[in-house]
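Please open the model in your viewer and switch to a cartoon view. We will take a short walk through it, one selection at a time.

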Amino acid sequence: ITTLIAKLRPDSMPRGLEITTEGLTSKLGKLVTGPDIQLGFAALDERLLVRAEDEQEVRRWAESGQVAVGLETLLHSGENFTVQPDRVQLDLVGAIDDTTRLRPLLFLIAETAAKLGEPAETTSPKTPQQHLEEMLGK
């Protein structure tokens with residue numbers, strides 16, 4: 001597994017937030033833990049498992065800005081992902097033989113993180129876009 005992470009400021013996200021793609025394991029987990037939070041977007045609710053401390057806070061967050069668009073973009077990537085208060089994480093399964101696969105995913109995770117919350121502060125004067133371009137040799 002290759003993991004890509006975009007860090008977020010936890011205070012810009014709902015408390016205790018955890019969003020994952022819904023699979024067999026999460027469906028079985030619902031039997032034990034109870035239903036998850038519904039965001040109010042049918043296309044997202046049927047494919048995501050959402051947990052947090054405050055359901056209303058999560059719904060307000062999901063309805064603000066570009067959050068729903070960002071989550072939909074992650075779903076369309078076809079990759080496993082997790083959203084937590086301090087990060088957006090993509091888990092790429094299998095060997096990465098072709099590094100050109102990484103370029104669009106690096107841009108995707110950076111753009112999506114900006115839609116979901118505020119990026120974590122860095123000590124670098126470079127923007128996230130500049131860091132990506134430098135990493136990718138652009």
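Start by selecting residues 80-84 and 87-92: these are strand 4 and strand 5, which run antiparallel and are joined by five bridges. Keep in mind as you look around that this is a predicted model. Which residue of strand 5 stands opposite Asn80? Zoom in on Asn80 and you will find Asp91 across from it.

Now widen the view to the sheet. Five strands make it up, in the order 1-5-4-2-3, with antiparallel pairing, and the sheet is open. Colour residues 2-7 and 48-51 to pick out its edges: strand 1 and strand 3 each pair on one side only. Going from one strand to the next, the twist averages 15°. As a reminder, strands of a sheet pair through backbone hydrogen bonds.

Next, select residues 67-77. This is helix 4, which lies across strands 2, 3, 4 and 5. Its direction makes an angle of about 155° with strand 4.

Then move to residues 102-116, helix 5. Helix 5 lies across strand 1, strand 4 and strand 5, and runs at about 155° to strand 5.

For the last stop, select Thr20, in strand 2 (residues 18-21). Is Thr20 buried or exposed? Its relative accessibility is 17%, so Thr20 counts as buried, the cut-off being under 20%. Show its surroundings as sticks: leaving aside residues up to four places away in sequence, Thr20 touches Arg47, Leu48, Leu49, Phe81 and Thr82.

Notes:
Residues numbered from 1 in each chain as written. Predicted model: local features only at pLDDT ≥ 70, side-chain atom pairs only at ≥ 80, totals over all residues. Heavy atoms only, no water. Helix = DSSP H or I, 4+ residues; strand = E, 2+ residues; numbered from the N terminus. Buried < 20%, exposed > 50% of the residue type's maximum accessible area, 1.4 Å probe, protein only. Contact = heavy atoms within 4.5 Å. Pairing = 2+ DSSP bridges. Axes fitted to C-alpha atoms, helices over the stretch in contact; angles between N-to-C directions.
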